[in-house]
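Reader: I would like to go through this model and ask what stands behind each label. Please set the values against the cut-offs as we go.

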Amino acid sequence: MIRLAVQSKGRLNEESLKLLKDAGIEVDDTKRKFIGKASGFPLELLYLRDDDIPGVVADGSADIGIVGLNEIAETGADVEVIRKLGFGKCRLSLAIPKSMEYLGLEWFEGKSIATSYPSILRCFLSSQGILSDIREIRGSVEIAPAAGIADSIFDIVSSGGTLVSNGLKEVETVFESSGV
Ligand code: PRT
Ligand code: ZN
């Protein structure tokens with residue numbers, strides 16, 4: 001029996017289950033609980049929050065998982081990426097209020113940056129020799145500058161629409177991600 005960890009709900013859930021379906025593996029999604037069984041294949045599904053997937057694969061609680069590469073990088077979990085999947089594509093970028101002039105990374109020196117990905121950001125900034133005040137927030141990162149919580153943000157960008165509607169502009173792409 002193989003145990004596969006997938007996101008229980010959210011952006012990767014549907015595509016993860018579709019991948020199984022396309023491979024001829026039926027999963028009873030209507031009775032979704034913590035653990036699900038597949039029919040026609042010796043597979044057990046663990047439905048988890050995406051943040052927890054790298055860890056359960058690393059510690060062997062699951063044999064394999066489907067998760068965003070960004071979560072693997074952020075958690076630093078000791079897992080092997082065996083395949084990039086064609087969905088969940090996004091990037092992690094730095095963004096600042098659109099009225100501000102931006103000439104380069106030095107802009108961030110001494111500034112505060114709100115993010116849910118402090119580890120990836122810390123690693124990037126230190127590689128660039130920039131010292132910033134990283135403020136970890138769990139959700140709605142894009143409202144932080146307007147709310148006066150931080151000068152800028154480091155967040156997931158896909159179409160860029162969320163940044164625009166919050167009066168922000170993307171100035172540096174730091175990390176490219178997809179489902180893996
Ligand atoms: O509940 P759980 O913890 O499992 O889910 P979650 O809320 O943490 O994650 P979820 O479901 O939002 O995203 C899961 C994964 O999808 C992420 O870790 C990424 O790998 C991937 N992904 C791909 C995205 C996006 N695209 C995306 N656009 N994750 C989030 N967004 C958000 C982003 O945070 C921002 O608020 O969408 C907004 C930006 O989108 P645009 O199109 O306006 O730029
Ligand atoms: Zn999450």
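Author: The model is a predicted one. A starting point is isoleucine 143, which is found in the loop between E8 and E9.

Reader: Why is isoleucine 143 called partly exposed?

Author: Its relative accessible area is 41%. Buried means under 20% and exposed means over 50%, with partly exposed in between. The value of 41% lies between these limits, so isoleucine 143 is partly exposed.

Reader: How far from isoleucine 143 is leucine 168, C-alpha to C-alpha, and what is their separation along the chain?

Author: Their C-alpha atoms are 9.5 Å apart, and 25 residues separate the two along the chain.

Reader: What makes proline 145 buried?

Author: Proline 145 is also in the loop between E8 and E9. Its relative accessible area is 17%. The limit for buried is under 20%, and 17% meets it, so proline 145 is buried. The C-alpha atom of proline 145 is 9.1 Å from that of glycine 167, a residue 22 positions away along the chain.

Reader: What is notable about the phi of serine 140?

Author: Serine 140 has a positive phi, about 50°, although it is not a glycine. Most residues other than glycine have a negative phi. Serine 140 is placed in the loop between strand E8 (133–136) and E9.

Reader: Is serine 140 buried, partly exposed or exposed, and how do you know?

Author: The relative accessible area of serine 140 is 46%. Since partly exposed covers values between 20% and 50%, serine 140 is therefore partly exposed.

Reader: Why is tryptophan 107 counted as buried?

Author: The relative accessibility of tryptophan 107 is 11%. That is under 20%, so tryptophan 107 counts as buried. Tryptophan 107 lies in the loop between strand E6 (90–97) and strand E7 (112–115). From tryptophan 107 to isoleucine 96 the C-alpha distance is 9.4 Å, and the two are eleven residues apart in sequence.

Reader: What puts leucine 105 in its class?

Author: Leucine 105 is placed in the loop between E6 and E7. Its relative accessibility is 10%, and the cut-off for buried is under 20%, so leucine 105 counts as buried. The C-alpha atoms of leucine 105 and aspartate 78 are separated by 30 Å, with their positions 27 residues apart along the chain.

Reader: How much of the chain counts as buried?

Author: Of its 180 residues, 44% count as buried. The chain has five helices and ten strands, and its C-alpha trace spans about 60 × 30 × 25 Å along the principal axes.

Reader: Where does ligand 1 sit, and how do you know?

Author: Ligand 1 sits in the largest pocket. The label is given if more than half of a molecule's atoms lie within 2 Å of the grid points of the pocket.

Reader: What makes the pairs with glutamine 7, arginine 11 and aspartate 50 polar contacts?

Author: A polar contact is a pair of N or O atoms within 3.5 Å. An oxygen atom of ligand 1 is 2.9 Å from an N or O atom in the side chain of glutamine 7. For the side chain of aspartate 50 the corresponding distance is 2.8 Å. At arginine 11 the partner is a polar backbone atom, 2.9 Å from an oxygen atom of the ligand. These distances are within 3.5 Å, so the pairs are polar contacts. Taken alone, ligand 1 exposes 830 Å², and the protein buries 79% of that.

Reader: Which residues come nearest to ligand 1, and which element gives the most to its shell?

Author: Of the 24 residues around ligand 1, Arg49, Asn70, Ser159, Gly160 and Thr162 come nearest. E9 gives the most, with three residues. By class, the shell has five nonpolar, ten polar and nine charged residues.

Notes: Residues numbered from 1 in each chain as written. Chains lettered and ligands numbered in written order. Predicted model: local features only at pLDDT ≥ 70, side-chain atom pairs only at ≥ 80, totals over all residues. Heavy atoms only, no water. Near = heavy atom within 4 Å. Polar contact = N/O pair within 3.5 Å; in protein donor to acceptor, adjacent residues only side chain to side chain. Areas by Shrake-Rupley, 256 points an atom, 1.4 Å probe, with all protein chains shown as cover. 1 Å grid on protein atoms, 1.4 Å probe; cavity = no way out; pocket = protein on both sides within 12 Å on 5 of 7 lines; lining within 4 Å. Helix = DSSP H or I, 4+ residues; strand = E, 2+ residues; numbered from the N terminus. Nonpolar A, V, L, I, M, F, W, Y, C, P; charged D, E, K, R; others polar. Buried < 20%, exposed > 50% of the residue type's maximum accessible area, 1.4 Å probe, protein only.
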